[in-house]
Amino acid sequence: MRMDGYWSLRAAGASVAALILALTLVPASIPWPAQAQDGARVAAPHPRGNFRARESKMPNGTPAAAAQAKSLPARTPFTAEDDAIATIPGMPEVRFWADSTADFIKALPDKPGPWLALSSGGEDGAFGAGLLAGLSASGKRPDFSVVTGVSTGALLAPFAFAGSKYDEAMRDAYIKITSADIFEVGATPESFVDTWPLKELIAKEFTPAMLADIATEYRRGRRLFVITTDLDAERSVVWNMGAIAAHGGDAALNLFRTVLLASCSIPGAFPPVLINVEGNGKRFAEMHVDGGAGGQFFVAPAQLMAATSDYRLPATDLYIVVDSGLQPDFQVVQRSTASILTQTVGMAVKVDTRLMLDRAYLVAKRSGAAFNVASIPPNFSAPSRGAFDPDYMRALFQTGYDQGKGDAPFATAPPPYPPPPAQASPPQAQPSQHPEKTGANR
């Protein structure tokens, strides 16, 4: 396959994955589009069981159904040319397109060091949080010179970047929340649920004090990058969060939090995030959604990751934390749209992640950087009662913590592909006096 075809397939797979993740969050109480001529509607079951969520009320007490009925204001028109050069007013240097190799190289630290890439994964980000806390406890946590985050990895990345003094806050952010802290059941004109609770949670966790610490590390030469997807342009955007923090003040704090919310806004499930920009003398709002629509984690622009590229990462070590399992999960799929799509794209995301890991492994070897990867172990089997189940997340955090504190928290190569499922042995024939090897053993 040509490399441009490979990356197109990867992006397409991630986009579909985001849609299916949206479907997995749809509660049964939200009607689906009509699927019969008589107009009957089919309710979508939650594939992971029941979950707790806020009542369908907006912060001001307005029923969510009423909010859904209201039409949204029209967006200010703008062109591709306007968007291509758009910047944040007053902060022109805080972001760049993820496919701009020149801007990426310019944004990197002056000196090589260890890099950390944190993947998407929803509540499974508890694994990455536990792993980092375990590394701190063992005294083996590197001082990462570059930290990148996508989706739940974007929420984890500031904690990883700001240092171990934030480990307790990081732990609480992943094991003391429920779905009620993330979304409110009730559709909006743009999504199946509303995420004003997540917006409030982000405001609580990412404080002015943390922003000041991140700004200090940025001035030391370290870099914190968070990825969102500009849905209008169908391009990924890299946000230099340290540069945002260095501006200081309310505008920087609000933008910092807005970018984090955008990076984990699953399209269709969560509302998109509008970010005000300026280009060609026009002021308009871009629509940003989950960074995972462009890939499960981010190391460098696709052009630099290609097998045909000779680019070498200025990294001494490359660490990747995959907040998901990579093994096939057998399940008798129910005959419903949500179940079929969820199982299908769950499989596709694992394939996509493995392809990305293989590419990152080759780039690390080409660059002379040590490769390190951690993912949820195949033997983790704690049950989940639904989205953001605190018991499940606590168990996953502890699994990550134990792995991080252990002797071998990272593998030095991508996880091996699983063997075929065990098959029942055929009836054994009576042994002959002259046995012979058969089949593959012949």
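## Hairpin, positive phi and helix packing

E8 and E9 form a hairpin with two residues between them, and asparagine 280 in the turn has a positive phi of about 55°. Helices (H or I, at least four residues) and strands (E, at least two) are DSSP runs, numbered from the N terminus. The model is predicted: local features need pLDDT of at least 70, side-chain atom pairs count only at pLDDT 80 or more, and totals for chains, interfaces and linings use all residues. Residues are numbered from 1 along each chain as its sequence is written, and side-chain values use heavy atoms, with hydrogens and water left out.

**The hairpin.** E8 and E9 run antiparallel and are joined by seven bridges. Two strands count as paired if DSSP finds at least two bridges between them. Isoleucine 275 has glutamate 286 of E9 as its bridge partner. In a regular strand the side chains alternate between the two faces of the sheet. E8 shows this alternation: Val273, Ile275, Val277 and Gly279 point to one face and are buried. Leu274, Asn276 and Glu278 point to the other face and are not buried. Buried means under 20% relative accessible area, exposed over 50%, and partly exposed in between (1.4 Å probe, protein chains only).

**Positive phi.** Most residues other than glycine have a negative phi. Two residues with a positive phi are listed here.

| Residue | Phi | Loop | Relative accessible area |
|---|---|---|---|
| Serine 151 | near 60° | between E3 (146-150) and H6 (152-162) | 7%, buried |
| Asparagine 280 | about 55° | between E8 (273-279) and E9 (282-289) | 46%, partly exposed |

**Helix packing.** Two packed helices are described by the angle between their axes and the distance between the axes. H7 (residues 167-175) and H14 (residues 390-405) pack at about 140°, with axes 8 Å apart. Axes are lines fitted to C-alpha atoms, for helices over the stretch in contact, and angles run from 0 to 180 degrees between N-to-C directions. H7 and H14 are therefore oblique to each other. Angles under 35 degrees count as roughly parallel, over 145 as roughly antiparallel, 65 to 115 as roughly perpendicular and the rest as oblique. Arg171, Tyr174 and Ile175 of H7 meet Pro390, Met393, Arg394 and Phe397 of H14; contact means heavy atoms within 4.5 Å.

**Helix H11.** H11 has 15 residues (249-263). At 1.5 Å a residue, H11 should span 21 Å, and its end C-alpha atoms are 22 Å apart, which agrees. The expected span is 1.5 Å times one less than the number of residues. Buried residues of H11 include Leu253, Phe256, Arg257 and Leu260.
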